[in-house]
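Thanks for coming, everyone. I'll walk you through one structure, starting inside a helix and working outward.

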Amino acid sequence: LVLACDGANSSMRKMLNVSATTNDYNQDAVVFDMKSDIEHDNTAFERFMSDGVLAMLPKSNNTMGCVWTVDRSQSKAKLDLDSSGFEALLQERFGYRLGGLKLASKPAVFPLYLVQSDEIYKDNVLFFGNALHFLHPVSGQGMNLSIRDIGCLYDLLATSDFSQNEMQSILAEFAKTRKPDHDRTIKVTHGFVKWFVSNDPLLSTSRNIGLHLLQRSKFAKKVLSRVMMGKLSKGSTLMRKVVEK
């Protein structure tokens, strides 16, 4: 068994002549680390702004990893700013919830696509992680989806003798079990891109109302959480062990 975990532009996929379906979002992710005067207390933040979505994820101490999703036409202008100019723009967009903000790394830019391998496996090679499904970061589901893939594969291999015939059956079962979760998560994420990133007045209004209701409805939170945590799909013993601990 070979796991091909070599990214969205997988060389393994190309070597095996497996095609991939690509959807260009015409957006870039400006990625950087920043330090704040006030400790983040392991809290993540997301800001929906006229020039894109800014996600700030806690790392060590008062450092946060940031992903700023912008239209491709706007990314170069942000990269061309010097450190003080970039920090001033970041401070204006985020505010002072964490006090003063300073860059902790040089911003880099990555184009955003939806990439889906047209085959989940071929022969004894199983495509995994971004080589199988590269998602837009707006809802942070790429890693969650891969963790659930790991749990499923863990269960299927637990009692395997790794014979060639059995391996083909395991890979076929993996594809059958995981494809509904893949399709559902990709569809939800793809919808979120239009809903969260768009500046269309109608979508912006519906987004504001939706987030307002979500904040106040325990039922809506529970439903959305179940979808995003993959609880509509078959679970794995590995994930249950993590939850139990």
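Look at R178 and D181. Both of these charged residues are buried. This is a predicted model, by the way. R178 and D181 form a salt bridge, with the closest N and O atoms 2.7 Å apart. Why are they about one helical turn apart? Because they sit three residues apart in helix α5.

How buried is D181? Its relative accessibility is 1%, and the cut-off for buried is under 20%, so D181 counts as buried.

D181 has another partner. It also forms a salt bridge with R184, and there the closest N and O atoms are 4.0 Å apart. Again both residues lie in helix α5, three residues apart, about one turn of the helix. R184 is partly exposed, at 26% relative accessible area. Now put the pieces together. Salt bridges that share partners join R148, D149, R178, D181 and R184 into one network.

Stay on α5 for another pair. The side chains of K179 and D183 meet in a salt bridge, at 2.7 Å from N to O. These two are four residues apart in the helix, about one turn. Are they buried or exposed? Neither: K179 is partly exposed, with a relative accessible area of 44%. D183 is partly exposed too, with 35%. Over the whole structure, there are 11 salt bridges.

One more residue on this helix: H182. It belongs to α5, which covers residues 164-197. H182 is buried, at 4% relative accessible area. What does H182 touch, beyond residues up to four places away in sequence? The answer is I120, L132, H133, L145 and D149. Notice D149 in that list. D149 is also a member of the salt-bridge network.

Now the nonpolar interior. In soluble globular proteins, nonpolar side chains tend to be buried together. Here, the largest nonpolar core has 17 residues. Which residues have the most contacts inside it? They are F32, M34, L54, M56 and W68. Several elements give two or more residues to this core. On the strand side, these are β2 (20-36), β3 (45-49), β4 (52-58) and β5 (63-71). The helix in the group is α3, residues 83-94.

Let's zoom in on M56. Leave aside its neighbours within four places in sequence. M56 is then in contact with M34, T43, A44, F45, M64, G65, C66 and F94. M34 is one of the residues with the most contacts in the core, as is M56.

There is a second core, separate from that one. It has 16 residues, including V18, F127, F128 and C152.

On to a sheet. Strands of a sheet pair through backbone hydrogen bonds, either parallel or antiparallel. This one is an open sheet of three strands, in the order β1-β9-β8, with mixed pairing. Which strands stand at the edges? They are β1 (2-4) and β8 (121-122). Each has a single partner strand, so one side of each is left without a neighbour in the sheet. β8 pairs with β9, residues 125-127, in the antiparallel sense over two bridges. Within that pairing, Y121 stands opposite L126 in β9.

Between β8 and β9 there is a loop, and D123 is in it. Check its backbone. Most residues other than glycine have a negative phi. D123 has a positive phi, near 55°. D123 is partly exposed, with a relative accessible area of 48%.

Where else does this come up? N26 also has a positive phi, near 55°. N26 lies in strand β2. At 48% relative accessibility, N26 counts as partly exposed.

Last, the overall numbers. The protein has eight helices and 10 strands. Of its 245 residues, 39% are buried. Take the contacts with a separation of 6 or more: 67% of them join residues 24 or more positions apart. The accessible surface comes to about 13,800 Å². Carbon and sulfur atoms account for 56% of that surface.

To recap: R178 and D181 are both buried, and they belong to a five-member network with R148, D149 and R184. The largest nonpolar core has 17 residues, and the second has 16. That's all from me.

Technical notes: Residues numbered from 1 in each chain as written. Predicted model: local features only at pLDDT ≥ 70, side-chain atom pairs only at ≥ 80, totals over all residues. Heavy atoms only, no water. Core = buried A, V, L, I, M, F, W, Y, C linked by side-chain atoms within 4.5 Å. Buried < 20%, exposed > 50% of the residue type's maximum accessible area, 1.4 Å probe, protein only. Contact = heavy atoms within 4.5 Å. Pairing = 2+ DSSP bridges. Areas by Shrake-Rupley, 256 points an atom, 1.4 Å probe, with all protein chains shown as cover.
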